[in-house]
Amino acid sequence: MKNKYSVILGNQGNTCDRFCKSYKDNPSTLEMLSQAVKIPHVEGIELVGTWDIGPDNVKEMKKRFADYGVQCVSIIPDVFGDKAYGKGTLTSSDPAVRQKTQDYLRQMSEVALEMNCGILNMWMAQDGYDYLLTTDYDQKREWLKEGTARLAKEFPTLKFALEYKPKEPRNFSFHARMSDTILAAKETECPNVGVTIDTGHGFVAGENVAEAVVLAKRAGDLLFHMHFNDNHGAWDDDMIVGSVHSTVYVDLIYWLKKTGYAGWLSMDQYPYRENAVDAIAESIEWVRRFEAIVDDHFDEIDRLVKLNDAVATSRFMRKALFG
């Protein structure tokens, strides 16, 4: 099983939380890029719009990527870090904010095309709500649908991957789980609108991410992109892959192979106190180990899935991981 590995560039930058505003010094974009391309097996980079790239530096970044021989995997528009979006982007009750969002997403789409990048990864983190009896759920979902569809129709050669997460920064997100995100994508009636699975977001949502892969397949090959990380299930901790889960990842990679997923496997982490390059490299090595288990034992896993015998599955995983 030959997969393509990438990393979100900002994962190597400063980390902070609501108690400590800076755990690390923040390298420049070009410094982070020079580090990222040295991580073993990395062939692609994801860039955050405005943070890493915009109309002012797109030509320079395109040349740097060509020099390093890496691909721009996706652009992630920064529709989450500007206080103007605090009460929503495409779902804002203020038409001026909705227009600002649309203009910015259009700009990032043009940047993606310039970078020969096929995906705009849309994590619409501020589109949600916090309090009950404060939100017209139907109207705001309609605005979200209309804005997404308008963008997808304007840029038919780009894929727009909706990344879901149940909460944070809002208490409730409109793109919260695979099922409602499939609905959001299908409602646009645009074949270039699909879904990104972030494994950690799925864990927090209480999902079985392998089954989420199957749902996206059944909905019409809507899985456009993958983000890998790990957590304890209560929060989006963005930890090293394999630090908590193991069987989950074997199950996931088996179903990615079974459903014919051919996209990127991108590391998306937030190493608060760890060396970022080392933590990302470790995640890739864990993914590769899980892939090797699936590749070496695909037929056996296929049989176990059909057998529905928990003891047999436990025996297999124990031997696969520990010999």
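Helices here are DSSP runs of H or I with at least four residues, numbered from the N terminus. I am working from a predicted model.

**Entry: K145**

I looked up K145 and found it in helix α4, residues 137-154. Its relative accessible area is 24%, so I noted K145 as partly exposed. Leaving aside neighbours within four places in sequence, I find K145 in contact with E187 and T188. I also took a C-alpha distance: K145 and L183 are separated by 9.9 Å, and their positions lie 38 residues apart along the chain as a separation in sequence.

**Entry: T199**

T199 lies in helix α6, which covers residues 199-204. I asked whether T199 is buried or exposed. T199 is buried, at a relative accessible area of 0%. With neighbours within four places in sequence set aside, I listed its contacts as V209, M226, H227, F228, N229, Y249 and L252. From T199 to V248 the C-alpha separation is 9.7 Å, and the two are 49 residues apart along the chain.

**Entry: cysteines**

I searched the whole structure for disulfides and got 0. C72 is in no disulfide, and the nearest cysteine sulfur to it belongs to C117, 4.0 Å away. Why is there no bond from C117 to C72? The two sulfurs are 4.0 Å apart, which is too far for a bond; the cut-off for a disulfide is 2.5 Å. I then checked accessibility for both residues. C72 is buried at 2% relative accessible area, and C117 is buried at 4%.

**Entry: nonpolar core**

In soluble globular proteins, nonpolar side chains tend to be buried together. I looked for the largest nonpolar core in this model and found that it has 91 residues. The residues with the most contacts inside this core are I45, L47, I75, M115 and F228. Helix α9, residues 276-296, gives the most to the core, with 7 residues.

I followed up M115. Not counting residues up to four places away in sequence, M115 touches L47, I53, V58, M61, K62, F65 and C72. L47 is thus on the contact list of M115, and L47 is also among the residues with the most contacts in the core. F228, another of those core residues, is on the contact list of T199.

**Entry: pocket**

I put the volume of the largest pocket at about 1,200 Å³. It is lined by 37 residues, of which W51, F80, W123, E168 and Y270 are the closest to its centre. I sorted the lining by type and got 13 nonpolar, 13 polar and 11 charged residues.

**Entry: cavity**

How many cavities of 30 Å³ or more are there? I count 1 cavity. The largest cavity has a volume of about 30 Å³. I listed its lining as W123, M124, A125, E163, Y164, K165, S173 and H175. By type this lining divides into 4 nonpolar, 2 polar and 2 charged residues.

**Entry: W123**

W123 is on the lining of the largest cavity and is one of the residues closest to the centre of the largest pocket, which is the reason for a separate look-up. W123 sits in the loop between β4 and β5. W123 is buried, with a relative accessible area of 18%. Leaving aside neighbours within four places in sequence, I find W123 in contact with V79, F80, E163, K165, E168, P169 and H201. I also looked at W123 against Q35: the C-alpha atoms are 25 Å apart in space, and the residues are 88 apart in sequence.

**Entry: backbone**

Most residues other than glycine have a negative phi, and most peptide bonds are trans. I looked for departures from this.

The peptide bond from E168 to P169 is cis, with omega near 10°. P169 is in the loop between β6 (159-163) and β7 (172-173). Both E168 and P169 are contacts of W123.

N116 is not a glycine, yet its phi is positive, at about 55°. I placed N116 in the loop between α3 (95-114) and β4 (119-122). N116 counts as exposed, at 55% relative accessibility.

L133 is not a glycine either, and its phi is also positive, at about 60°. L133 lies in the loop between β5 (128-129) and α4. L133 is exposed, with a relative accessible area of 87%.

Technical notes: Residues numbered from 1 in each chain as written. Predicted model: local features only at pLDDT ≥ 70, side-chain atom pairs only at ≥ 80, totals over all residues. Heavy atoms only, no water. Buried < 20%, exposed > 50% of the residue type's maximum accessible area, 1.4 Å probe, protein only. 1 Å grid on protein atoms, 1.4 Å probe; cavity = no way out; pocket = protein on both sides within 12 Å on 5 of 7 lines; lining within 4 Å. Points joined across faces, edges and corners; volume = space filled by probe spheres on them. Nonpolar A, V, L, I, M, F, W, Y, C, P; charged D, E, K, R; others polar. Core = buried A, V, L, I, M, F, W, Y, C linked by side-chain atoms within 4.5 Å. Helix = DSSP H or I, 4+ residues; strand = E, 2+ residues; numbered from the N terminus. Contact = heavy atoms within 4.5 Å.
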